[in-house]
Amino acid sequence: MFNGKDFNDYTVCSKDPNADVALLFTMKNGIVETPGTPLGYIRTNKQFSNYKLHVEWRWPEKPGNSGVLIHVNGPDLIWPSHYQGQLKAGDAGDFVLHGAGETVTIRDTVFTSSSKVKPLIRKEKTSSEKKPGEWNSMDVVAKGNILTIKVNGVLQNTAKNCSLTKGAIGLQAEGAKIQFRNIWVKELKK
């Protein structure tokens with residue numbers, strides 16, 4: 001997804017309107033990095049549906065919080081309508097709904113977000129994360145109205161009946177330095 005040189009095909013959004021967004025996400029030697037502050041995200045300008053997304057991440061310093069934004073829709077604000085594959089240390093693979101009226105069914109329970117309620121659905125298995133400083137992987141498969149999230153090859157969440165079935169893909173800055181690499185999308189046949 002990233003060409004290793006620039007973010008020309010991406011939009012960066014910061015909670016701080018005075019922040020230099022060029023410093024919120026940087027790229028060097030194929031690694032995308034954010035200091036995690038101010039809060040924000042980078043997202044593709046292109047929308048995707050029916051795809052497999054692969055992202056590798058690590059905490060180069062102290063473990064913290066971040067996420068992979070899936071099916072980003074609507075205006076760029078903190079936070080836009082989307083689903084999130086949680087990367088928070090110890091909780092990678094949790095599923096978060098953002099937006100107003102977004103719905104999913106996970107383990108036979110229907111979850112709906114609102115402007116005040118952002119449901120967080122815990123992962124199915126114990127943490128499959130590696131030690132801080134080591135590279136981890138998240139694989140998201142979006143096929144029709146079903147999303148699956150694997151962390152280091154372990155299936156952690158399956159969402160069905162997703163109300164969002166397409167959108168941009170993003171990476172979150174949420175308070176801690178994090179690095180990303182080997183980010184790619186493969187479109188799937190319907």
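These legends go with a few views of a predicted model.

**View 1. The whole chain, one helix and 16 strands.** Here's the full protein before we zoom in. Its C-alpha atoms fit a box of roughly 40 × 35 × 35 Å along the principal axes. The radius of gyration is 15 Å, which agrees with the value near 16 Å that a compact globule of 190 residues would have. Of those 190 residues, 47% count as buried. Among contacts with a separation of 6 or more, 65% join residues 24 or more positions apart.

**View 2. The surface and its charges.** About 9000 Å² of the protein is exposed, with carbon and sulfur atoms supplying 49% of that. As for charge, there are 26 positive and 18 negative side chains. The centres of the two sets sit 5 Å apart.

**View 3. Tyr-41 with Trp-79, one of four aromatic pairs.** The rings are tilted, at 6.2 Å centre to centre and 40 degrees between the planes. This pair ties together distant parts of the chain, 38 residues apart. Tyr-41 belongs to strand E4 (residues 40–44), while Trp-79 sits in the loop between strand E6 (67–73) and strand E7 (81–86). Tyr-41 counts as buried because its relative accessibility is 0%. Trp-79 comes in at 19%, so it counts as buried too, given that the cut-off is under 20%.

**View 4. Phe-48 with Tyr-51, an edge-to-face pair.** The ring centres lie 6.0 Å apart, with 65 degrees between the planes. Phe-48 has 11% relative accessibility and so counts as buried. Its partner Tyr-51 is buried as well, with a relative accessible area of 0%.

How values were computed. Residues numbered from 1 in each chain as written. Predicted model: local features only at pLDDT ≥ 70, side-chain atom pairs only at ≥ 80, totals over all residues. Heavy atoms only, no water. Helix = DSSP H or I, 4+ residues; strand = E, 2+ residues; numbered from the N terminus. Rg over C-alpha atoms; globule rule 2.2 N^0.38 Å. Buried < 20%, exposed > 50% of the residue type's maximum accessible area, 1.4 Å probe, protein only. Contact = heavy atoms within 4.5 Å. Areas by Shrake-Rupley, 256 points an atom, 1.4 Å probe, with all protein chains shown as cover. Lys, Arg positive; Asp, Glu negative; His and termini not counted. Charge placed at Lys NZ, Arg CZ, Asp CG, Glu CD. Phe/Tyr/Trp six-rings, centres within 6.5 Å; stacked < 30°, edge-to-face > 60°.
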